Amino acid sequence: MNTIVKTGLLISSVFLFAACGGNKAPEAPKAPPPAPVTVYEVKKETAVYYDNYPATITPLNQVDLKAQVTGYITGVFFTDGQHVSKGQKLYDIDRQQYQANYDQAVANLNVAKSAQAKAQQDADRYNDLLKQDAIAKQKVDYALADLQSAKAQVAAAQANVSRVSNDVRFSVISAPFDGTIGISQAKIGTLVTANQNVLNTVSSDNPMAVDISIDQKEIPLFAALEQHPGSDADSAFTLVLPDNSIYNKTGHVSLIDRAVDPQTGTIKTRLVFANDGKLRAGMNTNVRVKNNHAGEFILAPYKSVVEQMGEFFVFVVGDSSKVSQKKVVLGTRINDKIIVKDGLKEGDKIVAEGVQKLKEGTVVTSAPPKAAKP
């Protein structure tokens, strides 16, 4: 009997303990630890920087060489890619036919001149006879008409000589100016047709033009540099070559185009650089223009900037060490920092490193993270 009572009490105690344990509330999840970051206090700093413009190198003068007469190429007097001088002979086109036409035209001119001389003599003699009333007036009129016809034939023959002499002259193609000639499109024996075949291209190579597009707001700045190209202006323009090296010669503004492109709000501006052989027509480069408004700017570490959908943000550390995302307007990058045109003020504290693990409201600490317990 006592054993049965003890067993019942024990079972009741177990159920009572289970009941009490089942009603205990679950523990709340622990808050994540503060994210360790590097904090940077924004301040104004003095900065001299460059604005960069995509640029294309182009020759100041360029001409496609075309044959002005039809014939076979009989001579090529240059090496592809070499520097040529104005008037230098480049191509010969077979001129035998044109020379023969020229010789015939000269002979015809001489015949016409002889006929004119005879007609002049007849007219002079008949005029003398007319003064003596020894010849009819009609005979003199005929002689004068023959003289005028002979003069017209001389003029026509002279024009023909000029025409065929041009054919002879055009059978030799010469360099129109000093420059570099490209790869020949015609070899010896090639048949070329007048005003159709492009034989080659010659372009000037020193100095070279560098074309950029600037915003219409920048026209006054570049116009001032164009009108006063002094030493300061020369040092304002430097060229960054495709291999990212800095070209060792400076340039100056040559001209600003006639009109602004209404679609883009930009205008083409041409700079001129002396060429030491490194600049080639068609090369894509960048022009660095020294900003003449050097002074104090709000600078932020470049690593602190986050891009989202084409807009830029930084994380500002506020009260209770919580961060908030703030939109900024950026300027030029200077080494490891970037100019912030709008969105920050001096004294703001922003996250410089560790932005990848942050979101709005994250609690941060600038202390290094604690070592994990073994």
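Q: What do buried and exposed stand for here, and which residues of α4 are buried?
A: Buried means under 20% relative accessible area, exposed over 50%, and partly exposed in between, with a 1.4 Å probe and protein chains only. Helices (H or I, at least four residues) and strands (E, at least two) are DSSP runs, numbered from the N terminus. This is a predicted model, in which local features need pLDDT of at least 70 and side-chain atom pairs count only at pLDDT 80 or more, while totals for chains, interfaces and linings use all residues. Residues are numbered from 1 along each chain as its sequence is written, and side-chain values use heavy atoms, with hydrogens and water left out. In α4, F222, A223 and L225 are buried. They lie on the same side of α4 because they cover an arc of only 160° around the axis, the arc being that of the directions from the helix axis to the C-beta atoms. The exposed residues P220 and Q227 sit on the face of α4 turned away from its buried side.

Q: How many helices and strands does the protein chain have, and what share of its residues is buried?
A: The protein chain has 5 helices and 24 strands. Of its 374 residues, 33% count as buried.

Q: Where does pLDDT stay under 50?
A: Where pLDDT is low, the predicted coordinates should not be read in detail. pLDDT is the predictor's confidence in each residue, from 0 to 100. The mean for the protein chain is 82, and 86% of its residues reach 70 or more. Residues 1-11 stay under 50, and the model has 0 contacts (heavy atoms within 4.5 Å) for them beyond four places in sequence. Residues 368-374 also stay under 50, with 1 contact beyond four places in sequence.

Q: Which residues touch the most other members of the largest nonpolar core?
A: In soluble globular proteins, nonpolar side chains tend to be buried together. A nonpolar core is a set of buried Ala, Val, Leu, Ile, Met, Phe, Trp, Tyr and Cys residues joined through side-chain atoms within 4.5 Å. The largest one has 24 residues, of which F222, F237, L239 and V287 touch the most other members. Among the elements that give two or more residues to this core are β4 (50-59), α4 (219-227), β14 and β17. The largest share, 4 residues, comes from β13. A second, separate core of 19 residues includes A175, I181, A186 and V202.

Q: How are the two faces of β14 covered, and what is the bridge partner of L239 in β17?
A: In a regular strand the side chains alternate between the two faces of the sheet. In β14 (residues 237-240), F237 and L239 are buried on one side, and T238 and V240 are buried on the other. β14 pairs with β17 (residues 284-290) in the antiparallel sense over 4 bridges; two strands pair if DSSP finds at least two bridges between them. The bridge partner of L239 in β17 is V287. Leaving aside residues up to four places away in sequence, V287 touches residues including Y53, I212, F237 and L271.

Q: In what order do the strands of the open sheet with β6 and β8 run?
A: Strands of a sheet pair through backbone hydrogen bonds, either parallel or antiparallel. Here 4 strands form an open sheet in the order β9-β8-β6-β11, with antiparallel pairing. β9 (172-174) and β11 (191-192) are the edge strands, each pairing on one side only. β6 (residues 71-76) and β8 (residues 89-93) pair over 3 bridges, and V76 stands opposite Y91 in β8.
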